[in-house]
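Subject: Structure handover

Hello,

Here is the structure for your files. My notes on it follow below.

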Amino acid sequence: MFNKFLRENKIAAAILTVLRLYLGYSWFTAGFGKLTSGGFDASGFLKGAIANPVKGPDGAVVFGWYVDFLKHFALPNVDVFNVIVPWGETLIGLGLILGCLTTTAMFFGLVMNFSFFLAGTVSHNPRDIFLGFIILTAGYNAGRIGLDRWVVPFITKMSKKGTGHTGHEKVKA
């Protein structure tokens, strides 16, 4: 019942728009600040996450596989991450603010939230993950008051045109 409300109700669309704008502003300002600051460098964050990994109550590293990923992939390719992180945050923010490809933007926002969370940064990540899952669950309704109102039908129409299907064919039983 709640899922139906989130996915179809116009009042939910208005509430989702407020949540979307809030998260979008947060993502956009974080990314744009990094882009305009004169050079973002993720190496300090990565080195800190590797040196001080998330540990359980027994002192054992909880996400050893993620520390290995940071140590053996992210840090050696930090130049790529120095581009991906600020542009990703900025584009996620724009997508959410404009309501354009909202579920895609939110999916990638959640990927980044979980990446920061696994690295040990709690901050506002739990709240953002919770709100992000609400937006992702709502699907199209989260971007209904936004560009998705026109973009999603256009993409759907173009994808059916490319396959030769119009969506109006009758299926014989």
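I start with one residue. F45 has a relative accessibility of 37%, so F45 counts as partly exposed; the classes are buried under 20% relative accessible area, exposed over 50% and partly exposed in between, with a 1.4 Å probe and protein chains only. The rings of F45 and F116 have centres 6.2 Å apart and planes at 90 degrees, so this pair is edge-to-face. For the terms: rings of Phe, Tyr and Trp (its six-membered ring) pair if their centres lie within 6.5 Å, and planes under 30 degrees apart count as stacked, over 60 as edge-to-face and the rest as tilted. F45 sits in helix α3 and F116 in helix α6 (residues 102-118), 71 residues apart, and the pair links distant parts of the chain.

How the values were made

The model is predicted: local features need pLDDT of at least 70, side-chain atom pairs count only at pLDDT 80 or more, and totals for chains, interfaces and linings use all residues. Residues are numbered from 1 along each chain as its sequence is written, and side-chain values use heavy atoms, with hydrogens and water left out.

The chain as a whole

The protein chain has eight helices and zero strands, in the order α-α-α-α-α-α-α-α along the sequence. Helices (H or I, at least four residues) and strands (E, at least two) are DSSP runs, numbered from the N terminus. The C-alpha trace spans about 60 × 40 × 35 Å along its principal axes.

Of the 173 residues, 34% count as buried. The exposed surface of the protein chain is about 10,600 Å², and carbon and sulfur atoms supply 69% of it; accessible areas come from the Shrake-Rupley method with a 1.4 Å probe, and for residues only the protein chains shown count as cover.

Among contacts with a separation of 6 or more, 73% are between residues 24 or more positions apart. Contact here means heavy atoms within 4.5 Å.

There are 16 positive and 9 negative side chains, and the centres of the two sets lie 14 Å apart. Lys and Arg count as positive and Asp and Glu as negative, while His and the chain ends are not counted. The place of a charge is NZ of Lys, CZ of Arg, CG of Asp or CD of Glu.

Helix α3

In helix α3 (residues 43-51) the buried residues are S43, L46, A49 and I50. They cover an arc of only 130 degrees around the axis, which puts them on the same side of α3; the arc is that of the directions from the helix axis to the C-beta atoms. The cover over these buried residues includes α4 (64-74) and α5 (78-98).

Aromatic pairs

The structure holds 10 aromatic pairs. Besides F45 and F116, the rings of F73 and F81 have centres 6.2 Å apart and planes at 85 degrees, so that pair is edge-to-face. F73 is partly exposed at 43% relative accessible area, whereas F81 is buried at 19%. Both belong to one aromatic cluster, formed by W65, Y66, F69, F73 and F81.

Helices α1 and α2

R7 is in helix α1 (residues 2-8) and is partly exposed, at 41% relative accessibility. Leaving out residues up to four places away in sequence, R7 touches T137, A138, G139 and N141. The C-alpha atoms of R7 and Y66 are separated by 34 Å, with their positions 59 residues apart along the chain.

A12 belongs to helix α2 (residues 10-36) and is buried, at 2% relative accessibility. With the same exclusion of residues up to four places away, A12 touches F5, L6 and N141. From A12 to F45, 33 residues apart along the chain, the C-alpha separation is 37 Å.

Backbone angles to look at

Most residues other than glycine have a negative phi. Which loop residues have a positive phi without being glycine? L101 has phi near 55 degrees; L101 lies in the loop between α5 and α6 and is partly exposed, at 38% relative accessibility. S123 has phi of about 40 degrees; S123 is in the loop between α6 and α7 (125-138) and is exposed, with a relative accessible area of 56%.

Regards
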